[in-house]
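Thanks, everyone; I would like to talk for a few minutes about empty space and nonpolar packing, so please have a look at the structure before I go on.

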Amino acid sequence: MKNPTTTNLVHNASSSGRISRRESMQLSAAALAGASLAALPASEAAAQPAAQATPENLVEKPLRSIQKLPLNADGSAPEYTPQEAGTITGVLWRTKNQTPEIEFDYRKMKIKLDARGTAKLSGTLTFPDLEKLPRHSYVTLLQCGAATPRGIVKWSGVRFSDLANMVGMQRFASYGRLIGSDGYYIDEDMATLMHPQVVLAWLLNDEPIPPQHGSPLRLIVPFRYGARSLKAITDIQFTATTFAPAKPWPT
C-alpha cells in the first residue's frame with residue numbers, strides 16, 4: 001500500500017519540475033516510515049496505536065467474583081408476578097450481622113429529614129406523612145454482589161420521588177444520603193432516587209418488614225445490588241453539592 005504522504009509529495013514535486021531540499025527530507029522520512037510499517041505483520045501493525053506501557057508501580061490483584069445482576073434493556077429491574085414472590089436468603093449488617101436495636105414498628109417511625117436548603121421542608125418524618133402518599137408495590141429480585149442475601153420478594157411503600165415532591169425538593173438538589181441504624185450509609189444521585197422503581201418500603205410480602213431485613217423503613221433500588229437498598233433508615237439528607245465525610249463505620 002502506498003503511503004499517501006509520499007504520494008502527495010511526489011505529485012507536488014513532479015508538477016513543479018524540481019524537488020527542494022525540504023521536500024527531499026520529507027520524502028525520505030515518509031518513505032522510511034512506510035517501510036517500517038510494511039515490515040511489520042498486518043496484525044501487529046494494526047495493534048500499534050493501542051499499545052500502552054504498563055505502570056511500573058502497579059501490580060495485578062484478584063478481582064471480586066460478582067453475581068450478574070439481570071436488568072432490562074433500559075436499565076430497569078425485571079418485575080415478577082406476586083405468585084413468584086418468596087423469601088430472602090441471608091442477612092447482612094455492618095454491625096457484625098447483628099440487627100441493631102431500634103423501634104421496629106413502622107407506625108412509630110421517626111426519621112430525621114435534613115434538606116440543607118434544597119427543599120422547602122425539613123424535620124422529622126413520620127408514618128402518617130408517608131401514608132398520605134400513593135402506595136406502590138413491586139415484586140423484584142434483591143441480589144447482593146455475593147451469593148446472598150438474595151430473593152424475589154414483594155416490596156410495598158411509597159416512591160422516593162413522591163416523598164421528594166411532597167417536601168418541595170428543588171431541582172438543584174443533586175444528591176441524597178440515607179443513613180441506616182447500623183451506621184451504614186449510601187450517597188446516591190437524585191436522578192437514580194427519582195426513578196419510579198425506587199421505593200421507601202415498610203412491607204415485605206404484605207407484612208411488616210422483619211427487623212433483620214430492614215424495618216421500620218427500607219430503601220429499595222431494585223436495579224442496583226442489594227447494598228444500595230439501605231435497611232432501617234434513620235436519616236434522609238439532600239444536598240446541592242457534596243456531603244461532609246460521614247462518621248467512621250461501627251466496629
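**Cavities and cores**

The lining of the largest cavity is made up of 6 nonpolar, 2 polar and 1 charged residues, where Ala, Val, Leu, Ile, Met, Phe, Trp, Tyr, Cys and Pro count as nonpolar, Asp, Glu, Lys and Arg as charged, and the others, Gly among them, as polar. This is a predicted model, in which local features need pLDDT of at least 70 and side-chain atom pairs count only at pLDDT 80 or more, while totals for chains, interfaces and linings use all residues. Residues are numbered from 1 along each chain as its sequence is written, and side-chain values use heavy atoms, with hydrogens and water left out.

A cavity here is a set of points, on a 1 Å grid over the protein atoms alone, where a 1.4 Å probe fits but cannot get out, and lining residues have an atom within 4 Å of a point. The largest cavity has a volume of about 40 Å³, and its lining includes Trp155, Ile220, Arg224 and Ser229. Strand S3 (residues 136-143) gives the largest share of that lining, 3 residues.

The second largest cavity, at about 30 Å³, is lined by Leu69, Pro70, Ala77, Pro78, Thr140, Leu141 and Pro222, with no charged residues in its lining.

Turning to packing, the largest nonpolar core (buried Ala, Val, Leu, Ile, Met, Phe, Trp, Tyr and Cys residues joined through side-chain atoms within 4.5 Å, buried being under 20% relative accessible area with a 1.4 Å probe, protein chains only) has 34 residues. Apart from it lies another core, of 10 residues, among them Leu142, Trp155, Ile209 and Ile220.

Terms used
1 Å grid on protein atoms, 1.4 Å probe; cavity = no way out; pocket = protein on both sides within 12 Å on 5 of 7 lines; lining within 4 Å. Points joined across faces, edges and corners; volume = space filled by probe spheres on them. Helix = DSSP H or I, 4+ residues; strand = E, 2+ residues; numbered from the N terminus. Buried < 20%, exposed > 50% of the residue type's maximum accessible area, 1.4 Å probe, protein only.
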